[in-house]
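Hello,

Here is the structure I promised to pass on to you. Have a look at it first, and then read on for what turned up in it.

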Amino acid sequence: MEDLGQIDCSVLKRLLKDDSAKCLLLDCRSFLAFSAGHIRGAVNARCNTIVRRRAKGSALSLDQILAGDEDARGRLRAGMFSAAVLYDERTPDSEAVKEDSTLAVVLNALSRDASGSHRTRMYLLKGGYDRFFTEYPEYCLKSKSLPVLSSQSSVESACSSCGTPHHDQGGPVEILPFLYLGSALHASKKEVLDAIGISALLNVSADCPNHFEGTYQYKCIPVEDNHKADISCWFLEAIEFIDSVRDASGRVLIHCQAGISRSATICLAYLMKRKRVRLDEAFEFVRRRRSIISPNFSFMGQLLQFESQLLATSCAAEAAAAASPLLGPKSSTATAAASTTPTSPFIFNFPVSVVNSAYLHHSPLTTSPGC
């Protein structure tokens, strides 16, 4: 940690106030923690459990740590930041940083890969986010309180006083600034869509109509909500569609009939692919925003298989990149990853044993049609 200085909250506050453009803030906490609240202007270092597990075998690159943040990477490599400030939840000082911690992994990537980093001094924020938020909450962004219904009985009691199904109450929920999740009823109300700036709709059903073709961009994924449906074959196509809307500065609403199973599954796949998070972390992130999500058991299995494929693909790509072409045949890691490609129907092939009991408890999986 000899390359890591340290900085007090009061000094960071002055930097943010007087010269924020010269300071790169790297939030080294989880995707969930960053989404719940972070210091204004901070970038989330992509160093979740998948990335950290891979880091034990080989060092990570700046492209991996700052995946999706091309502007920050470019400015860092060009030496345009005078300071890079790293923080986690509450590490008190640089002497307390452990060698296998996320902070250390991020620091190593910055020190090794950023060609302009010799002009950028690395600092640890003493006390982390917890201390900074306590002292300067006005410099932090906190997400709105997200109530979570703890059981099916509470869902039923919440709906007992009205005739509207629980899944149709309220409006679409924001998953990411360009990505919303809702029901078919929400998708049928133009005033609701216009109020949140929707420009495209991803209809994950075989029978929900597209009410406003010609007004919004539509894409349909015609799958039923049952244990025989293969929704995973649509994952990459759906992700590309969402990316195209995002790149055009638009907003997309994903919906099925109830916004519980099929559309929630697509949201989870997108987060896993683009935010590089595990299924359980993506599930909790979406559930906090729309508490009634409940992909059917087969869809959860397909998501688990997707998670395994993402991990295998990432590991194989890194191994191939690290191997010198002068050393001979392809890495055995890549060969092993290729051997994991499923040859049997997906329904018999997913690793049921790794289903996290936490989200099974919070949101019982359903196989009822029309979700």
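One term first: a residue is called buried when its relative accessible area is under 20%. Please also keep in mind that this is a predicted model.

With that cut-off, a good place to begin is strand β9, residues 179-182, which is covered on both of its faces. L179 and L181 are buried on one side, and Y180 and G182 are buried on the other. As background, side chains in a regular strand alternate between the two faces of the sheet.

Which strands does β9 pair with? One of them is β8 (residues 173-176), in the antiparallel sense and over three bridges. L176 has L179 as its bridge partner in β9, and a hairpin of two residues leads from β8 to β9. Another is β12 (residues 252-255), this time in the parallel sense and over four bridges. There, L181 of β9 is matched with I254 as its bridge partner.

Now for the chain as a whole. It has 371 residues, of which 49% count as buried, and its secondary structure amounts to 16 helices and twelve strands. If you take the contacts between residues at least 6 apart in sequence, 72% of them join residues at least 24 apart.

There is also an open sheet of five strands, in the order β1-β6-β5-β2-β4, and the pairing is parallel. β1 (4-7) and β4 (43-44) are at the edges with a single partner strand each, so one side of each has no neighbour in the sheet. Further in, β5 (residues 83-87) and β6 (residues 121-125) run parallel to each other and share four bridges; V85 has Y123 as its bridge partner in β6.

What about the nonpolar cores? The largest has 46 residues, and I175, L202 and I266 have the most contacts inside it. Helix α12 (residues 262-274) contributes the most to this core, namely eight residues. A second core, separate from this one, has 26 residues, including L76, A104, V105 and A109. In general, nonpolar side chains in soluble globular proteins tend to be buried together.

L202 is worth a click. Apart from its neighbours within four places in sequence, L202 touches K219, I221, A238, F241, I242, V252, L253, I254, H255 and I266.

Two helix pairs are also worth viewing. Helix α11 (residues 235-247) packs against α12 at an angle of about 75°, and their axes are 10 Å apart. That angle makes α11 roughly perpendicular to α12. On the α11 side the residues that meet α12 are F235, L236, A238, I239, I242, D243 and R246, and their counterparts in α12 are T265, I266, A269, Y270, K273 and R274.

The other pair is α1 (residues 9-18) and α7 (residues 128-135), whose axes come within 10 Å and cross at roughly 70°. These two helices are therefore roughly perpendicular to each other as well. C9, L12, K13 and L16 of α1 make the contact with R131, F132 and E135 of α7.

Last, is C256 buried or exposed? C256 carries the UniProt annotation "active site", which comes from an unreviewed entry. C256 is found in the loop between β12 and α12. Its relative accessibility is 0%, so C256 counts as buried.

Enjoy exploring, and all the best!

Note on methods: Residues are numbered from 1 along each chain as its sequence is written. This is a predicted model: local features need pLDDT of at least 70, side-chain atom pairs count only at pLDDT 80 or more; totals for chains, interfaces and linings use all residues. Side-chain values use heavy atoms; hydrogens and water are left out. Two strands pair if DSSP finds at least two bridges between them. Buried means under 20% relative accessible area, exposed over 50%, partly exposed in between (1.4 Å probe, protein chains only). A nonpolar core is a set of buried Ala, Val, Leu, Ile, Met, Phe, Trp, Tyr and Cys residues joined through side-chain atoms within 4.5 Å. Contact means heavy atoms within 4.5 Å. UniProt positions are given in the numbering used here, feature names are shortened, and annotations may be inferred rather than shown by experiment. Axes are lines fitted to C-alpha atoms, for helices over the stretch in contact, and angles run from 0 to 180 degrees between N-to-C directions. Angles under 35 degrees count as roughly parallel, over 145 as roughly antiparallel, 65 to 115 as roughly perpendicular and the rest as oblique.
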